Amino acid sequence: MILLNPGPVTMSHGVRAALAVEDVCHREPEFLGLVADVRRRLVAVYGDPDTEGVLLGGSGTAAVESMLSLARRDRPTVVVANGVYGERMAAMLASQGKPHVVVPHPWTSAVDLARVETAIAREKPAHVAVVHHETTTGRKNALAPLGALARAAGASLLVDAVSSFGCEEIRFAPWNVDAVAATANKCLHGAPGVSFVVARKDVLEGPCFPTTLYLDLGRLAAIQRRGDLAFTLPTHVTFALQQALVELTADGGVEGRRATYLARASVVRRALVDSGVSPLLGDDTGAAALAAYALPEGTTWSEVHDGLRADGFVAYAGQGPLATTTFRVAVMGSMGSGDLARLDASLRRVFARAGVRT
Ligand SMILES: *Cc1c(COP(=O)(O)O)cnc(C)c1O
């Protein structure tokens with residue numbers, strides 16, 4: 001089965017083999033050495049020497065929640081929301097009992113910079129929280145202009161980069177990004193179970209406002225920096241992440257992966273548009289990892305899902321209010337050119353069948 005959902009992804013043979021390494025104790029030198037290497041490799045993905053990687057056991061949501069331990073109690077966070085994951089960050093801040101103000105958007109809309117600027121001027125936040133690639137719709141939110149707005153008001157960005165880390169450009173200081181949260185099993189092609197935050201070192205050494213012990217980013221960073229671990233990491237999954245990062249480098253790093261995704265996405269898009277299926281977003285935001293499409297009139301998601309699944313592909317439903325009108329195709333993970341040709345044929349077959357019935 002080839003997974004076209006936005007994580008977990010189809011793993012390469014190399015990553016799968018790394019999951020079967022010998023059992024190790026997480027406090028023995030061979031594992032602590034692996035952790036140090038993975039943390040170095042995470043920084044190397046974007047190559048900013050002033051940043052540091054912090055690993056934790058848990059899905060991408062855990063990493064986002066840990067990143068938000070940087071959000072202050074004495075100053076609000078402005079949350080930019082144009083999909084499920086922006087709204088989830090607001091819910092996290094609510095459950096952390098921290099002051100925050102949401103700048104809501106319709107899920108299909110681009111970020112309205114004027115409204116964000118007004119909110120920043122009014123609230124005087126310490127941070128602006130935003131999702132880089134909003135997986136709800138496949139929209140890439142431009143970080144640079146948001147970072148500039150925040151900088152002008154003395155704030156900085158906290159970014160959910162769960163579905164962009166490894167395939168979209170990210171710049172820390174130039175874009176005023178303090179921290180990004182991401183996971184092993186999306187654009188990095190690792191196994192689910194380990195997630196991470198990459199943050200500026202000065203930020204990690206500064207104040208942190210944790211509301212749980214497990215997700216206290218400052219504490220996790222301090223312990224990992226001295227070569228130790230606070231808690232058990234999923235050991236095998238961490239070996240798989242190391243292998244996935246080696247393979248990312250071999251694939252040409254972020255630029256190489258982005259080019260691979262864009263090539264796959266254009267095959268998907270051509271097959272769908274040729275079949276009369278329209279992209280959900282009217283504007284192309286350049287997002288590489290996933291695109292959402294409108295379900296054609298008279299076609300149900302279960303028909304599409306079952307048709308693709310019969311050909312060996314798992315696509316993904318829309319979310320929330322978009323569940324009955326859209327579907328999504330992610331192009332992450334290990335996929336050969338034969339798989340892509342089969343996908344092209346399968347999409348054309350499934351939507352031709354759907355079209356005949358309407
Ligand atoms: C997948 C995703 C998450 C949540 O990740 P989990 O691993 O399911 O916890 C958060 N944000 C974005 C943008 C995502 O795509």
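This is a guided tour of a predicted model, arranged as a series of selections to make in the viewer.

**The nonpolar cores**

Begin with Leu 42, Leu 55, Phe 165 and Val 180, which touch the most other members of the largest nonpolar core, a set of 52 residues. Helix α2, spanning residues 29-46, is the element that gives the most to this core, with eight residues. Keeping Leu 42 selected, display what surrounds it: leaving aside neighbours within four places in sequence, Leu 42 is in contact with Leu 55, Phe 165, Leu 188, Phe 196, Val 198 and Leu 245. A second core, separate from that one, has 32 residues, among them Ala 62, Met 89, Val 131 and Leu 158.

**An aromatic pair, and others**

Stay with Phe 165 and add Tyr 46, both of which are buried. The structure holds seven aromatic pairs. In the pair formed by Tyr 46 and Phe 165, the ring centres are 5.0 Å apart and the planes stand at 80 degrees, so the arrangement is edge-to-face. The two partners come from distant parts of the chain, 119 residues apart, with Tyr 46 in helix α2 and Phe 165 in the loop between β8 and β9. Select next Tyr 293, Trp 301, Phe 327 and Phe 351, which ring pairs link into a cluster. For a charge placed over a ring, go to Tyr 85, where Lys 186 lies over the face at 5.9 Å from the ring centre.

**Strand β10 and its partners**

Now select residues 194-200, which make up strand β10, where six of the seven residues are buried. Strand β2, residues 51-57, pairs with β10 in the antiparallel sense over seven bridges, and one of the positions to inspect is Gly 57, whose bridge partner in β10 is Val 194. Strand β9, residues 177-183, also pairs with β10 in the antiparallel sense, over five bridges; here Ala 181 has Val 197 as its bridge partner in β10.

Helix α7, residues 201-205, is the next selection, and it contains Val 203. With a relative accessible area of 15%, Val 203 is buried, and beyond its neighbours within four places in sequence it is in contact with Leu 70 and Asp 178. A distance drawn from the C-alpha of Val 203 to that of Glu 52 comes to 9.8 Å, although the two are 151 residues apart in sequence.

**Helix α6**

Move to residues 143-152, helix α6, and colour its buried residues: Leu 143, Leu 146, Gly 147, Leu 149 and Ala 150. Viewed down the axis of α6, these buried residues fall within an arc of 160 degrees, so they line one face of the helix. An α-helix has 3.6 residues a turn, so residues three or four places apart point the same way. The elements that cover the buried residues of α6 include β3 (77-81), α5 (113-123), β5 (127-131) and β8 (156-160). Just after α6, Gly 154 takes a positive phi of about 75 degrees.

**Backbone details in the loops**

Finish with three loop positions. Lys 124, in the loop between α5 and β5, has a positive phi of about 50 degrees although it is not a glycine, and at 55% relative accessibility it counts as exposed. Asn 176, in the loop between β8 and β9, is likewise a residue other than glycine with a positive phi, near 65 degrees, but at 7% relative accessibility Asn 176 counts as buried. Lastly, select Pro 8, placed in the loop between β1 (2-3) and α1 (13-18), where a cis peptide bond with omega of about -5 degrees joins Gly 7 and Pro 8.

Notes
Residues numbered from 1 in each chain as written. Predicted model: local features only at pLDDT ≥ 70, side-chain atom pairs only at ≥ 80, totals over all residues. Heavy atoms only, no water. Core = buried A, V, L, I, M, F, W, Y, C linked by side-chain atoms within 4.5 Å. Buried < 20%, exposed > 50% of the residue type's maximum accessible area, 1.4 Å probe, protein only. Helix = DSSP H or I, 4+ residues; strand = E, 2+ residues; numbered from the N terminus. Contact = heavy atoms within 4.5 Å. Arc of directions from axis to C-beta. Pairing = 2+ DSSP bridges. Phe/Tyr/Trp six-rings, centres within 6.5 Å; stacked < 30°, edge-to-face > 60°. Lys NZ or Arg CZ within 6 Å of the ring centre and 35° of its normal.
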